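Grab a pencil and work through these exercises with the structure open beside you. Try each task yourself before you read its solution.

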Amino acid sequence: GTEGLIYLDAGEHEGIITPKDGETVYLDEGCILRGAIHADGVRDVRIAGRGIIDGSTFDRWDDTIVPIDIANAENITIEGITILDPSAWTLNLYYSRSITVDGVNIIGARSNSDGITIQSCEDVRVQNCFVRSWDDSLVVKGYEGDARDSTFESCVLWTDLAQSCEIGYETRATVIERITFRNITVLHNFHKPVLS
């Protein structure tokens with residue numbers, strides 16, 4: 001294959017993909033990945049395509065596989081893919097900076113299927129996404145560090161149980177600041193606040 005490219009073609013694939021610095025993971029149209037993409041301590045990574053990450057084969061209690069889990073990373077782009085039926089949080093960003101999430105579609109219906117979660121990150125932009133979650137849809141938390149300069153824009157949400165847009169709930173950060181929710185359409189919110 002091309003150097004720096006992890007390419008998944010149309011068809012079914014299994015496993016946990018772990019890109020290295022400078023690599024692109026591309027899920028082509030028709031690709032179904034029954035697994036996840038996990039990146040820790042990397043920089044300049046792109047995750048893109050028109051394929052699907054499918055979490056339906058993982059047990060909610062025994063597996064709790066986060067489909068996209070990014071930690072301690074910098075300059076990451078995630079765009080265009082669809083994530084279905086995660087067994088845990090869906091797209092998790094932890095202690096990272098300079099992240100763009102663009103045009104990602106999420107449909108989760110199981111407990112704890114939070115949509116896009118930003119934990120102790122700086123300079124994050126989430127835009128043009130569709131999120132249907134059983135739990136919180138767009139979330140900012142502060143665990144091991146402060147959270148700053150994150151924007152959610154032009155997203156469409158359907159929230160079955162919890163908050164559509166949340167700052168908190170679990171947090172130990174000293175500071176959470178300059179968090180923006182702009183042009184967010186909430187199609188459905190069952191009983192919790194749209195923003196809390």
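**Exercise 1.** Leaving aside its neighbours within four places in sequence, which residues is Thr185 in contact with?

*Solution.* Before we start, note that this is a predicted model: local features need pLDDT of at least 70, side-chain atom pairs count only at pLDDT 80 or more, and totals for chains, interfaces and linings use all residues. Residues are numbered from 1 along each chain as its sequence is written, and side-chain values use heavy atoms, with hydrogens and water left out.

Step 1: contact means heavy atoms within 4.5 Å. Step 2: skip the neighbours within four places in sequence, and Thr185 is in contact with Cys155, Val156 and Leu157. Step 3: place the residue. Thr185 lies in strand S21 (residues 185-189); strands are DSSP runs of E, at least two residues, numbered from the N terminus. Step 4: Thr185 is partly exposed, with a relative accessible area of 36%. On this scale, buried means under 20%, exposed over 50%, and partly exposed in between (1.4 Å probe, protein chains only).

**Exercise 2.** Find Asn183 and work out which side chain its own side chain makes a polar contact with.

*Solution.* Step 1: look in the loop between S20 and S21, where Asn183 lies. Step 2: with a relative accessible area of 53%, Asn183 is exposed. Step 3: not counting residues up to four places away in sequence, Asn183 touches Glu153, Ser154 and Cys155. Step 4: the polar contact is with the side chain of Ser154, at 3.0 Å. (A polar contact is a pair of N or O atoms within 3.5 Å; within protein, one must be able to donate a hydrogen and the other to accept it, and residues adjacent in sequence count only if both atoms are side-chain atoms.)

**Exercise 3.** Trace the open sheet and say which strands stand at its edges.

*Solution.* Step 1: write down the order of the eight strands, S1-S3-S5-S8-S11-S14-S17-S20, with parallel pairing. Step 2: S1 (5-8) and S20 (176-182) stand at the edges, each with a single partner strand, so one side of each has no neighbour in the sheet. Step 3: check the pairing, which needs at least two bridges found by DSSP between two strands. S1 and S3 (residues 24-27) pair over four bridges, and the bridge partner of Leu5 in S3 is Thr24. Four bridges also join S3 to S5 (residues 43-49), where Leu27 has Gly49 as its bridge partner. Over at S20, six bridges link that strand to S17 (residues 147-153), with Ala147 opposite Ile176.

**Exercise 4.** How many disulfides are there?

*Solution.* Step 1: a disulfide is a pair of cysteine sulfur atoms within 2.5 Å. Step 2: by this rule the count is zero. Step 3: take Cys129, whose nearest cysteine sulfur, that of Cys155, is 4.6 Å away. Step 4: for Cys165, the closest cysteine sulfur is in Cys155 at 8.4 Å, too far for a bond. Both residues are tucked inside: Cys129 is buried at 3% relative accessible area, and Cys165 is buried at 4%.

**Exercise 5.** Which residues touch the most other members of the largest nonpolar core?

*Solution.* Step 1: a nonpolar core is a set of buried Ala, Val, Leu, Ile, Met, Phe, Trp, Tyr and Cys residues joined through side-chain atoms within 4.5 Å. Step 2: the largest one has 40 residues, and Ile78, Leu93 and Val101 touch the most other members. Step 3: strand S4 (residues 31-40) gives the most to this core, with four residues.
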